[in-house]
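This report describes selected parts of one protein chain and its ligand. Please look at the sequence and the structure before reading on.

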Amino acid sequence: MRAIIQDEYGDVDALRLADIETPTPGAGEVLIRVKAAGIDAGVWHLMTGLPYLARVMGFGLRRPKTKIKGREFAGVVEAIGAPGKRAHGFTVGDEVYGYCEGSFAEFVCARADRIAPKPASLSFEQAAALPISAGTAVQAVRDSGAVKAGQSVLVIGAAGGVGAFAVQIAKELGASVTGVTSTGKLELVRSLGADHVIDYTRESFTTGIRLFDVIIDTAGHRSVAELRKALTPHGTLVIVGSEVDAPVFGGMGRPIGASLKSPFVGQNLRMLAAGENAGLLHSITELVDAGTLAPVVESRYPLAEAPAAIRHWRDDHPAGKVVVTVA
Ligand SMILES: NC(=O)c1ccc[n+]([C@@H]2O[C@H](COP(=O)([O-])OP(=O)(O)OC[C@H]3O[C@@H](n4cnc5c(N)ncnc54)[C@H](OP(=O)(O)O)[C@@H]3O)[C@@H](O)[C@H]2O)c1
């Protein structure tokens, strides 16, 4: 099969298209014919091996443990590993989506408890944009219990992979949503349902003039002290993450600092460590079916151009998601 692989950590130049053996599904696994695969920040971190903390966490100290890139997919069940043909509730030919290691390939083996039927109304490309980013947004906004009807919610990075879903979910929960983004994406964020938008290139939202009950922070790497100025006295800050050039710990210092500070202040300061499982995928499907959640796919690249797709994600801050189309 064709796959985008990597022998050493590095920039996109470290990636190459190769012909490699098609994997065989083990016990509890399903072989998927990949139709499309999404790009997220994790693809970048596991490709570069940065921050170094990621290497220590088990992704490969000197070189990447998983050679094939890509962490989410939508595709069709091709074969089922032990214990049998209809194991795990899946049948050959089922259209599914989910989490995996190595989705920039024609085939990938995924654990059956990390996949679910694809939302029927969506194309494979749209479905591939969902698992990581929508799953993270569901946990940050809804499952954390942070957002309640009538509250004012600020989503920082509102046009990004996670932020675009966070806006839609907060709106559905009955919040008044303000989205922070750059000038060219203000209209998109409004179209996602935001009641108000803030262009962070022109306006600061941490002046303390306007306060929010909840802040969902997905970008900008602003200090916790600065974010607290925009929170009500008993408000909740959920730090999802942000990209920062800190080679050892990356953005981890900030959310850990916030969690340690939280017991000593009136505000609730939390970090999110998002899970990835079939239950979340079922939640996402329900939201899609109910018309609450719609993916924004900014661009599509063929498999051979996955390195260019990753470069585009990193350099150009696309609105929503970039997707690699495999078949
Ligand atoms: N905690 C977890 O378990 C978890 C799970 C998934 C992702 N994450 C992390 O969450 C972060 C966001 O992921 P993502 O996939 O949504 O990234 P993304 O698609 O790159 O989105 C980030 C968005 O933020 C905007 N932005 C950049 N600088 C900003 C600033 N100073 N103020 C406000 N907005 C700014 C960007 O566009 P503009 O610059 O044009 O506005 C972009 O739309 C990443 O760091 C990722 O690693 C964490």
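The text below covers the ligand and its surroundings, then one strand, then one loop residue.

The model is predicted, and every statement here should be read with that in mind.

**The ligand and its shell**

The ligand is surrounded by 26 residues, of which Ser182, Lys185, Tyr200, Glu243 and Leu272 come nearest. By type, the shell is made up of 12 nonpolar, 11 polar and 3 charged residues. Two elements that each contribute at least two residues to this shell are helix H5 (161-172) and strand S9 (176-181).

Where does the ligand lie relative to domain 1 and domain 2? Shell residues come from both domain 1 (2-130 + 295-325) and domain 2 (133-271), so the ligand lies between them.

Some atom pairs between ligand and protein can be listed with their distances. An oxygen atom of the ligand is 2.8 Å from a polar backbone atom of Val162. For Ser242, a polar backbone atom is 3.2 Å from an oxygen atom of the ligand. With Arg222, the protein atom is a polar side-chain atom, and the ligand atom, 3.0 Å away, is a nitrogen. How much of the ligand's surface does the protein bury? The ligand taken alone exposes 920 Å², and the protein buries 84% of that area.

**Strand S3 and its partners**

Strand S3 covers residues 29-38, and 7 of its 10 residues are buried. S3 is therefore described as mostly covered, since a residue counts as buried when its relative accessible area is under 20%. The table gives three strands joined to S3, with one bridge pair for each.

| Strand joined to S3 | Bridges | Direction | One residue pair |
|---|---|---|---|
| S6 (residues 107-111) | 5 bridges | antiparallel | Val30 and Ala110 |
| S4 (residues 72-80) | 6 bridges | antiparallel | Ile32 and Val77 |
| S15 (residues 321-325) | 3 bridges | antiparallel | Gly38 and Val323 |

In each pair, the residue written before "and" belongs to S3: Val30 stands opposite Ala110 in S6, Ile32 has Val77 of S4 as its bridge partner, and Gly38 has Val323 of S15.

**A loop residue: Ala246**

Ala246 sits in the loop that runs between strand S12 (231-239) and helix H8 (253-261). Why does Ala246 count as partly exposed? Its relative accessibility is 27%, and partly exposed residues are those between the 20% limit for buried and the 50% limit for exposed. Ala246 can also be compared with Pro51: the two are 195 residues apart in sequence, while their C-alpha atoms are 6.8 Å apart in space.

Key
Residues are numbered from 1 along each chain as its sequence is written. This is a predicted model: local features need pLDDT of at least 70, side-chain atom pairs count only at pLDDT 80 or more; totals for chains, interfaces and linings use all residues. Side-chain values use heavy atoms; hydrogens and water are left out. A residue is near a molecule or strand if one of its heavy atoms lies within 4 Å of it. A polar contact is a pair of N or O atoms within 3.5 Å; within protein, one must be able to donate a hydrogen and the other to accept it, and residues adjacent in sequence count only if both atoms are side-chain atoms. Accessible areas come from the Shrake-Rupley method with a 1.4 Å probe; for residues, only the protein chains shown count as cover. Helices (H or I, at least four residues) and strands (E, at least two) are DSSP runs, numbered from the N terminus. Ala, Val, Leu, Ile, Met, Phe, Trp, Tyr, Cys and Pro count as nonpolar, Asp, Glu, Lys and Arg as charged, and the others, Gly among them, as polar. Domain bounds come from an automatic or database domain assignment. Buried means under 20% relative accessible area, exposed over 50%, partly exposed in between (1.4 Å probe, protein chains only). Two strands pair if DSSP finds at least two bridges between them.
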